[in-house]
Structure formats: C-alpha cells, structure tokens
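Biologist: I would like a close look at a single part of this model. Please take me through how its pieces pack, and explain each term as you go.

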Amino acid sequence: MDSAPQGLTIEKIHVWRGDRHVLRGVSLILQPGELMQVTGPNGTGKTTLLRVACGLLRPEQGSVAWCGRPIAGVRPQFHSALAYAAHEPALKGDLTALENLRYLVGLKRPVRTAELEAALERTGVAPCAQLPVRVLSAGQRRRVALARVLAMRSPLWMLDEPFTNLDSAGSALVTDLLREHVSAAGMALVVAHHDIALSARLRRLELQ
Amino acid sequence: MWTWFYKLASPPSVYRTATALTPWFMTVALIAIACGLIGGLGFAPPDYQQGDAFRIIYVHVPSAYMSLFCYSAMAVAGAIGLIWRIKMSYALAAATAPIGASFTALALVTGSLWGKPMWGTYWAWDPRLTSELILLFLYAGVMSLRPAFEDPARGDRAAALLSIVGFVNVPIIHFSVQWWNSLHQGSTIAKIGKPSMPGSMLWPLLTMLLGFTCFYAAVVCMRLRGEVLNRERQSAWVREAVKS
Amino acid sequence: MNFWAMGGYARFVWPCFALAGLVLAWNVWSARRFYAAARVRAQRALLMTDE
Amino acid sequence: MSTADLEPQVSALRAMTLIVGRELRLSFRRPEQVLQPLVFFLIVTTLFPLGLSLQLSLLRDMAPGVLWVAALLSSLLSLDALFKGDADDGTLDQLALSGQSLTAIVLAKTASHWLVSGAALVLVSPLVGIALGIPWGVFPTMLGSLALGTLCLSWLGAIGAGLTVGLKRGNVLVSLVVLPLAMPLLIFGAGATDRAAAGISPAGALYLLGSLCVFTCTLAPFAVAAALRITLEG
C-alpha cells in the first residue's frame, strides 16, 4: 500500500514585494527524517520562504502541499503538525516563561506543567521559568522559544535563524535538538548561516 | 465554462476592452444627459408646490442614485475579488471608489441647495441627506484604507472587505437615521419626495439616470486602464501598451 | 416667461447644474490624469528592467 | 499514526478559555491599559458641561448623547490593545498557526477585550450619570443599553483593528473606519436612554439595539478573521 507521500512539497513559489521579485520559482521537498537548511545573502527571501512554507503568506504563484494535499485544504491538520519559531521569539514580556509556554503549547495539545518545565530544563532556562520574559536576556528568550518548539512535539519544525543571540553552548544545544528531532523521523526547515554540524540527512538550499 | 471568464478577466483583455468601450459609453452618456437637461429644464412644467426649484431633482436624484450604485458596484467587485481571487475586480473596485465619492458629494450639495428654499436652512438633518453624508464617510474609510498598505494587493483585499462590511451596514444606517429623524422632528417637514410625476417630468429624469450610469461606465473604464497598468507593471504586455 | 429666472429660484437651480457639470468634468479630468501618471510609472518601471 | 491526519487535539472551546485566561492575565499585569480609556471616558464627559452653560436642565437633556459619544470614543482608544500588541511581538503569528480556527481565536480575544474595556465602562458610567444629572430611574436603561452597545462596539472595533493592525499610523484610520459603522448604534443607544429620561418606555429602542447587537456579534467574528487573514497572509 503506497502510503500518501509524507512531508512537505513546495513547488515553483513566486513572491513579489511591491516591485521586487523576492522568490523566483523556489521548490523543495522535505521528507520525514530530513533537515533542509536554507542559506543565502540578506534580502533573498529566506524568511519569506519560511512564511510561505508554513502558510502564513500566500504566494502569487506556486503551491505548498502537506502530505500530498495543498495546505489550504488541510490547514488545521497542517498547523497542528507544525512548530514555527520566527526570527523574533514570539513571547509576551509581561507573562512568565512558563505561562508563555502554557498558553501557546496549550492551544496545540493538552500539556501538563511538568512537561513544560522539562522542556525549559532541556533548553537550560529552568531557573527563569517563573520570571517575566521581559527581564530575560535575548539568549534566554531564544532558549524559551526553543523550549516552546520542543514542548509542542510537532513532526515539522520551521526555525528562522535559531542560532542568533546564542553562545557556543546554545548553538551546540540547537544542533543536538535538531539531531534528535531528525533522527526521530522529524522534519526541519531551518534558515541559518551557521553551518549545522549534522552528519546525515542534511540538505542545503541556496537562495540567490 | 470558466476559462472564458478568466480569459475575459485577464489584465490585457480588460485593458483593451476598457480602452474600446470608453468612447461608446461617453457618447451615449453625453447625449442622454443633454436630452435630460433639455427635457428637465425646458419641457417639464414647474411643480405646483415647489415651482421651478423642483428642477434640481434632475441632478440630485441621479447623483444620489449613482452614489449608492457605485458603492454597491465597489462592494460586489470587492467580493468577487476576495472569493475568486480575480485581480482585475479589485482594480474595478479601486477605480469605482472616487467616482462614487464625487457623486455622493454632489448629491449632498444639491440636496442642501434644494433644502434651502423648502426648509429655509441648508442643512435640516433630513434623513436621506444624513444617510448620504454617512455614505460619504464610508467612502472616505475605504479610500483611505486602500493606500495605507505598502503592498497594493493587501490594500485591495482590505478595502474590499471594508466595502463589504460597509455595504451590509448601508440599509441599517438608512433605517436607523429614518427612525432617529421620525423620533425628533416627526414627519411634518415636506420630504424631498418624488412628487407624483406626470410623464413630461418623468422621462427627463429617467434619461438623466441613464446618462449618469453611462457616464460612470465611461469614466470607470478610463480609470480602470490606469489601475490595470499600476497593478501589472512587471508583465510583458504592458511594454507595448505604453510604448507609443 | 423668463427662463433664466427659474420662477425666482435661479439662485438655487443654476448653481446645482453648474456643480453637476463641474463634478462630471472633474471625474473625466482626474481619470485622464490618473491614467497618464500610471503610464509614466509603467514606462519608468520598464526602463529600469531594461537596464 | 501518520502525520497526515494529526487532528488538532485541543477543542475550540478549551482553546478559547485558554486565550481568555491569557488576555485577562495580561490585562491585570498591565492595568493602566485598562484604566486609561476609562479616565478618558470621564474626562470627555466633563468637557461637555464646561463647554456648555451649567443650567442643569440643558445638561440633563444632553446627558444621554454626551454619555454615549464619550463611550464611543473611549472604546476606540482601547482597540490598540486588541491585536497590535500580539502583532508586534509575533504572538499573533503563533496564534494563527496554532491549528485552531482563526474565528475561535478572534471570538475569545474580542470577548475578553470587551470584558476589560466595555464592561468596565458600564461599571463606571453611573458615576458619569450622576455627574450629568441623569435621574435614577433611567440608570437601568442606561446601563443595559451601554452593555449592549459596548459589546457591539468591541466587535465593530475588532473589524477596524483587524484591518489596520499592520499599519504604522493605524489608529486614526481605525476611527475613520469604525465610526460610520457605529452610528446606528449611537442612535439606538442614546435614543433608548433619551426616551427613558423623557419618561417614555425605551423598549422600542432597546429591542432595535439588541437586534443590532445580535446581528453584529454573529457576523463580525468572520469579518475579523478575514481581516486578520488579509493583514497576516497578505
């Protein structure tokens, strides 16, 4: 029984920003157990590609399919299987790290506080669980955002520059998390300049 | 069945059709308006109540009619654009907005000029004129929302949605203003009702209505060419369209 | 019968028709100006892509 | 369990209660965002007596209109808090990608926004009623019509906020977009209070206000979701 094609297929995406032709016919296929790294100089539409891939931005031409079906039709399923970490960590400054996680992860799946604390532990920010996020440093906020992605347990990760504001230990942490995710049949689309030391299953997409 | 519709709505064919239709609509419009004026000013007998002041109806009623007609056209074009993702219907909506707003302003001014001889003041919060004023505000809302977005496609969609919401509210506004007016002033004031019109008064009015509608069609075609060019600057067919 | 006096309401009738003419003329004028501006912008965009 | 049919595991109702909890918690963490529109409401209502002569009878006639116009303007002020905060720090994207329907999210956010702004305004309005000399007997109608009116306003405002969330100078535009749509509301609301003050039964106006409120509350969520989808997805 040929199971439906798993994973994400993006075909010939064209996006204009006003007069600028930002994405010119970009295509990619992401299968379970693979990491796709998107690189390229600034302004070549890396973030735009990520926003198109996760369905946040509708391209003028081209299509995005999840498990063989266009995402417009399967939006709830697609978004349930997706964890997106944007360039800016999407956290509320007035809420504590734990509250931030509880509300955003809680929308996706019923989650207990213990799991959230474990995720924060795993990304090394357990002590700041009860602190309002506005007092945390940029690196700590990046780690809280990573904890959110971890706690969502989504098969498809989309990370926009996950290495920014992170020290060497932080970068190593991100690489480990990606390796664990990919080896557990997860998928990841990562925009990053930092070369990800990942042995197998790493493919690159260079945008001009 | 849909292919001809998409071909028709393709930018180059919209551009060509608009260019071709403009002179036809304009001539019909000018002829109709000329006949309407001659009939309205020359042949129609003066009204037994308002005397010759009633002749303002030949300008006020058509412009009031066009103000609502254009808003509805804008809302329908916006809805078509949102539902079927047809870029050209956004262009039509964008082209219609200023025309409708100008007719609304004309209807307001002619209405208050007409009100002076009847009520002694230029503005007596007559329910129809008040609804017309709020319609002008609705136009202002749509026309200031569209250019506020850097991305023109997003501006089109936002303006389309607002014009639909506004369109749903037009009857509500009209009813609530009528209710509010009857609350305070009662209906003693002689409204700008269409006095029961004998034929010689009526045909000029119908001709003027036809003239104004064709005039709208002509001007919207003219503006549409500009809107299409603005939206299709990158495509190849624009090259020889603007070469001459 | 003095046509121009409009039964004493000339002060209201003729301004209305004059304004109507003005609005119609404005619509045509602004449509032409809008189209001309769009054409210029399109030509400039074409020049840019040619370089 | 293949990833294809991973249904959202959190029910819409559960998600909505979560979001309401989040919004209320955020509001209590930033009380000034709640209090400022209320203070504005009080200031505007004190402007009118200063601007007009002080004969109480004139003031009493004007009171319903003054109260309602001030309520209208102050609810416009509080619209910023609805989507702007979330759009700026990126949480709005996370909400849109949560797998929950955008309409449910919008329903929860606008309902909690009303609790914090509209309901608060209704609680403060007796203060203004006394100041403007509105007789006691009129208070029930005033509070009832204000409650319905502010709920309606929150929804109309949500449409305006949804459309202008991404814009830099959006707040003037929100008023330009929302106020014409809110005029029937003002007519029926102020009309109800006015008739109650004049001793006539305000039932007619209240029924109309109620029906307008039901109409707006049922259709607006879809319009707001569509507006957000436009500004988010482009």
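Modeller: Here is a walk through one helix pair, followed by its surroundings.

This is a predicted model, so local features need pLDDT of at least 70, side-chain atom pairs count only at pLDDT 80 or more, and totals for chains, interfaces and linings use all residues. Residues are numbered from 1 along each chain as its sequence is written, while chains are lettered from A and ligands numbered from 1 in the order in which they are written.

Start in chain D. Helix H8 covers residues 170-197 and helix H9 covers residues 203-233. Helices (H or I, at least four residues) and strands (E, at least two) are DSSP runs, numbered from the N terminus. Two packed helices are described by the angle between their axes and the distance between the axes. The axes of H8(D) and H9(D) come within 8 Å and cross at roughly 150°. Axes are lines fitted to C-alpha atoms, for helices over the stretch in contact, and angles run from 0 to 180 degrees between N-to-C directions. H8(D) and H9(D) are therefore roughly antiparallel to each other. Angles over 145 degrees count as roughly antiparallel, under 35 as roughly parallel, 65 to 115 as roughly perpendicular and the rest as oblique. The crossing of H8(D) and H9(D) is left-handed. That term means that the near helix is turned anticlockwise from the far one by less than a right angle; clockwise is right-handed.

Now the residues that meet. H8(D) brings D:Pro184, D:Leu185, D:Phe188, D:Gly189, D:Gly191, D:Ala192 and D:Arg195. H9(D) answers with D:Ala205, D:Leu206, D:Leu208, D:Leu209 and D:Leu212. Contact here means C-beta atoms, placed from the backbone, within 7 Å. The residues of this contact of H8(D) with H9(D) divide into 9 nonpolar, 2 polar and 1 charged. Ala, Val, Leu, Ile, Met, Phe, Trp, Tyr, Cys and Pro count as nonpolar, Asp, Glu, Lys and Arg as charged, and the others, Gly among them, as polar.

Chain D also touches chain B. There, 23 residues of chain B are in contact with 20 residues of chain D. On the chain B side, helix H5 (127-145) and helix H6 (152-185) each supply at least two residues. H6(B) gives the most, with 13 residues. By class, this side of chain B has 16 nonpolar, 4 polar and 3 charged residues.

Technical notes. Two residues are in contact if their C-beta atoms, placed from the backbone, lie within 7 Å.
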